[in-house]
Amino acid sequence: MIRSDYIVRQIEMLGILFAALRRRILSGSADTASIRQDLYEAASESGFDFELLIGLNKEALFLAVAPAGEVDTLRCWMVAEILYLHGLQAARQDEPEAAIDSLTKARVFYEMALPNGALIGFPEAQERLGEVEAELASLGVELDQLG
């Protein structure tokens, strides 16, 4: 019981960190270096290497979140959040290629984090998926061509 409480608390803390980063990026209230450092830390605390997350393609990232083939919705959510935040920051820095790459990958992982019939997943993923798609559309990406 103590271990599950600890894990729940860690997930809550990551959620707070992701929300704070999102607010800072959207408000433009932080410098690029500060945001990037926080993204590195968020990835590390989530058990991932930031450079690998943004450098790997969707297929390789899938192996990172589902090494045995079984999707772990928590890992999908964490990867999606980090990629989404990186994509938002890249878009605001006028780096459209990096933004599109990260946002496109985030979209895939948010879809995997959606609740399924057993309600396992993250209901917030649907809302965030809409934000990702709106951001991609603002970058000129035609969503029907993403597959």
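**Entry 1: terms and model**

I count two residues as in contact when heavy atoms of theirs lie within 4.5 Å. I note also that the model I am reading is predicted.

**Entry 2: E135**

I started with E135, using that rule. I set aside its neighbours within four places in sequence, and E135 is then in contact with L88, A91, R92 and L103. I looked up its place: E135 is found in helix α7, residues 124-138. Is E135 buried or exposed? Its relative accessibility is 13%, so E135 counts as buried, the cut-off for buried being under 20%. I then checked the side chain for a polar partner. The side chain of E135 makes a polar contact with the side chain of R92, at 3.1 Å.

**Entry 3: helix α5**

Next I read α5 from end to end. The helix covers residues 73-92, which is 20 residues. From its first C-alpha to its last it reaches 28 Å, close to the 28 Å expected at 1.5 Å a residue.

I looked at the start of α5. There, a side-chain oxygen of D72 reaches to within 3.0 Å of the backbone nitrogen of L74.

How enclosed is α5 by the rest of the structure? I found 16 of its 20 residues buried, so α5 is largely enclosed. I added a reminder about helices in general. An α-helix has 3.6 residues a turn, so residues three or four places apart point the same way.

**Entry 4: D94**

I moved just past the end of α5. D94 takes a positive phi of about 60 degrees there. I marked this because D94 is a residue other than glycine with a positive phi. D94 sits in the loop between α5 and α6, the latter being residues 96-113. Its relative accessible area is 66%, so D94 is exposed; the cut-off for exposed is over 50%.

**Entry 5: R22**

I wanted a view of α5 from another helix. I picked R22, which lies in helix α1, residues 2-27. At 22% relative accessibility, R22 counts as partly exposed. Which residues does R22 touch, not counting those up to four places away in sequence? I listed Y84, L85, L88, R128 and E131. I took one of these, L88, for a distance check. R22 and L88 are 66 residues apart in sequence, while their C-alpha atoms are 8.3 Å apart in space.

**Entry 6: aromatic rings**

I turned to the rings. A pair of aromatic rings is described by the distance of the centres and the angle of the planes. How many aromatic pairs are there? The count comes to three aromatic pairs. I wrote up two of them.

W77 and Y110 form an edge-to-face pair, 5.4 Å centre to centre with 65 degrees between the planes. W77 lies in helix α5 and Y110 in helix α6, so the pair ties together parts 33 residues apart in sequence. I checked burial: both W77 and Y110 are buried.

Y84 and Y110 also form an edge-to-face pair, with centres 6.1 Å apart and 70 degrees between the planes. Y84 is in helix α5 and Y110 in helix α6, so this pair ties together parts 26 residues apart in sequence. Both Y84 and Y110 are buried. I drew one aromatic cluster from W77, Y84 and Y110.

**Entry 7: the cavity and Q89**

I looked for empty space. Rolling a probe the size of a water molecule over the atoms shows where empty space is left. A search of the whole structure finds one cavity of 30 Å³ or more. The largest cavity holds about 40 Å³ of space.

Which residues line the largest cavity? I noted T32, I35, R36, L39, H86, Q89 and Q93. Both α2 (32-45) and α5 supply at least two residues of that lining. The most comes from α2, with four residues.

I then followed Q89 from the lining. Q89 is in helix α5. Its relative accessible area is 9%, so Q89 is buried. Leaving aside neighbours within four places in sequence, I found Q89 in contact with I25, T32 and I35.

**Entry 8: the pocket**

Last, I looked up the largest pocket. About 230 Å³ of space lies in it. Its lining has 13 residues, and I11, G15, W77, F122 and E124 lie nearest its centre. The elements that give two or more residues to this lining are α1, α5 and α7. The largest share is from α1, five residues. I met W77 here again, after listing it in the aromatic cluster.

Technical notes: Residues are numbered from 1 along each chain as its sequence is written. This is a predicted model: local features need pLDDT of at least 70, side-chain atom pairs count only at pLDDT 80 or more; totals for chains, interfaces and linings use all residues. Side-chain values use heavy atoms; hydrogens and water are left out. The expected span of a helix is 1.5 Å times one less than its number of residues. Buried means under 20% relative accessible area, exposed over 50%, partly exposed in between (1.4 Å probe, protein chains only). A polar contact is a pair of N or O atoms within 3.5 Å; within protein, one must be able to donate a hydrogen and the other to accept it, and residues adjacent in sequence count only if both atoms are side-chain atoms. Rings of Phe, Tyr and Trp (its six-membered ring) pair if their centres lie within 6.5 Å; planes under 30 degrees apart count as stacked, over 60 as edge-to-face and the rest as tilted. On a 1 Å grid over the protein atoms alone, a cavity is a set of points where a 1.4 Å probe fits but cannot get out, and a pocket is an open set with protein on both sides within 12 Å along at least five of seven lines; lining residues have an atom within 4 Å of a point. Grid points are joined across faces, edges and corners, and a volume is the space filled by probe spheres set on the points.
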